[in-house]
Amino acid sequence: MSRKEFSNKKPLQLLEKIRESLERINEKMEVIIEIQKHGHKELQLVPDASLDVMTLLSMPDHLRKTAMTICRCGRATAQEVAQQTKRARAVESAYLNQLVIMGYLKKERKGRKAYFHTDRNSEE
Amino acid sequence: MKKNMNKIIAVHSYKGGTGKTLLSVNLAASLAKLGKKVGLFDLDFRAPSLFAILNIENADCWLNDYLNGVCDIEKVLFDLSDRIQSNGKLFVAVANPGTEAIRDMSVKDRKWEMQALGMLLSLRNTLLNNQEFDYLVFDTSPGLQYSSINAIVAADYVVVATTGDRSDVDGTRRMLRELYNLFEKKTGLVINKVLDFTSKSKKAEVDERVANLYQVPLLGLVPCFCEILRAEGNLIFVHDKPNHPFTKIMEDMAKRIAASKME
């Protein structure tokens, strides 16, 4: 952000920007932590990835639970997925972002919220 | 608030010929006899049979069309409520038995199967929430294939039909471990075509053997009835023979499924 842009913004807006940036950094760190936990193998981009039932069956248990929840809801935030799986929001956020990196899910930001959905919904 | 969670019931088995369709039709009819609004779905697209069993002559829209996204589910459902003696309602969605339709369904790709799962999942909203259906019963293809796994994933409860046949026992045990468990599905086992089912002690013995072998809740034991074979699949048995022991067994299963409540 240039000095001119900086001076035009109100302090509250700036704080909001900083908060959004911090949240994004936090999400990326959560993914990095998960990669270290489970190894790199399962994080490779899958060509023509689709979240069909055979793919769900072959997934590691921890990712299947998250992917199944998105399949059922169609579209959800990490917080909404966490409510259903009874796991921590940070954990679900990491798993959801892993599924995005692998190509199984799409992620869209609306304001401060990040929504995850399958390809199926984007075509409807 | 407590509410019944077994709204969508998939009837599945490892092998063919275990009585899935017989159980599906009669379970759906038994639920309807409890005064419920029930939808019965033929998801066995490789060997459709409900249109023949329920004498449905001609359909403008098939369940295939709904999954292909070219027809609303309301146009697929046939009202068969006049075939059961109760206040309940029974609707059926049949699969297209034409050779071309079977061929078409057998060559669908992963993307289509994923969309088909979405269509099945959306029935919860269109039929259960908006049209006040109480139960949907999915009659599936045997074994591990897309259409049946889609049905299992979309269901709340899986009725697993099996027989005493050795080849069936082993495969069913594997499916319980490696399919329903992985999808965290509630299951109820139905042992069909049980022989020598004469005394209470014999029933207790079978109950114990099944509990040890499969380690899942037993939903029901169905003896081998010649009357069912004689009917040649031409009727809704629980409607036509209301006092037959088979009817009592099916009604008991329906009551147990309907009574299952969760917080």
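This passage describes salt bridges, aromatic contacts and one pocket in a predicted model.

The salt bridges make a good place to start. Over all chains, 13 of them are counted. One of these joins A:Arg112 to A:Glu16, with 3.6 Å between the closest N and O atoms. This contact brings together distant parts of the chain: A:Arg112 sits in the loop between strand E2 (105-110) and strand E3 (113-118) of chain A, while A:Glu16 belongs to helix H2 (residues 11-38) of chain A, and the two are 96 residues apart. Neither partner is hidden away in the sense of being buried, since A:Arg112 is partly exposed with a relative accessible area of 36%, and A:Glu16 is partly exposed as well, at 32%.

A further salt bridge in chain A is formed by the side chains of A:Glu108 and A:Arg75, again with an N to O distance of 3.6 Å. Here A:Glu108 comes from strand E2 of chain A and A:Arg75 from strand E1 (residues 75-76) of chain A, so the pair ties together parts that are 33 residues apart in sequence. The relative accessibility of A:Glu108 is 34%, which means that this residue counts as partly exposed. A:Arg75, at 32%, likewise counts as partly exposed.

Chain B offers a local example. The side chains of B:Asp170 and B:Arg174 meet in a salt bridge at 3.0 Å, N to O. Both residues lie in helix H8 (residues 166-180) of chain B, four residues apart, or about one turn of the helix. B:Asp170 is partly exposed, its relative accessible area being 44%, and B:Arg174 is partly exposed at 34%. Back in chain A, salt bridges with shared partners connect A:Glu16, A:Arg19, A:Glu23 and A:Arg112 into one network.

Attention now turns to the aromatic residues. The count over all chains comes to four aromatic pairs. In one of them, B:Phe225 and B:Phe246 meet edge-to-face, with 6.3 Å from centre to centre and 80 degrees between the planes. B:Phe225 is in the loop between strand E9 (218-223) and helix H10 (226-231) of chain B, and B:Phe246 is in helix H12 (residues 245-259) of chain B, so this pair ties together parts that are 21 residues apart in sequence. Both B:Phe225 and B:Phe246 are buried. Ring pairs also bring in B:Phe237, giving a cluster made up of B:Phe225, B:Phe237 and B:Phe246. Elsewhere in chain B, a charge meets a ring: B:Lys7 lies over the face of B:Tyr135, at 5.4 Å from the ring centre.

The last feature is a pocket. Rolling a probe the size of a water molecule over the atoms shows where empty space is left. The second largest pocket has a volume of about 420 Å³. It is lined by 22 residues, of which B:Gly19, B:Leu22, B:Asn192, B:Ile228 and B:Leu229 are the closest to its centre. Several elements of chain B contribute to this lining: helix H1 (20-33), strand E8 (186-194), E9 and H10 each supply at least two residues. The most comes from H1(B), with four residues. By class, the lining of the second largest pocket consists of 12 nonpolar, eight polar and two charged residues.

Key: Residues are numbered from 1 along each chain as its sequence is written. Chains are lettered from A and ligands numbered from 1 in the order in which they are written. This is a predicted model: local features need pLDDT of at least 70, side-chain atom pairs count only at pLDDT 80 or more; totals for chains, interfaces and linings use all residues. Side-chain values use heavy atoms; hydrogens and water are left out. Rings of Phe, Tyr and Trp (its six-membered ring) pair if their centres lie within 6.5 Å; planes under 30 degrees apart count as stacked, over 60 as edge-to-face and the rest as tilted. Buried means under 20% relative accessible area, exposed over 50%, partly exposed in between (1.4 Å probe, protein chains only). A charge sits over a ring if NZ of Lys or CZ of Arg is within 6 Å of the ring centre and within 35 degrees of the ring normal. On a 1 Å grid over the protein atoms alone, a cavity is a set of points where a 1.4 Å probe fits but cannot get out, and a pocket is an open set with protein on both sides within 12 Å along at least five of seven lines; lining residues have an atom within 4 Å of a point. Grid points are joined across faces, edges and corners, and a volume is the space filled by probe spheres set on the points. Ala, Val, Leu, Ile, Met, Phe, Trp, Tyr, Cys and Pro count as nonpolar, Asp, Glu, Lys and Arg as charged, and the others, Gly among them, as polar. A salt bridge is a side-chain nitrogen of Lys or Arg within 4 Å of a carboxyl oxygen of Asp or Glu.
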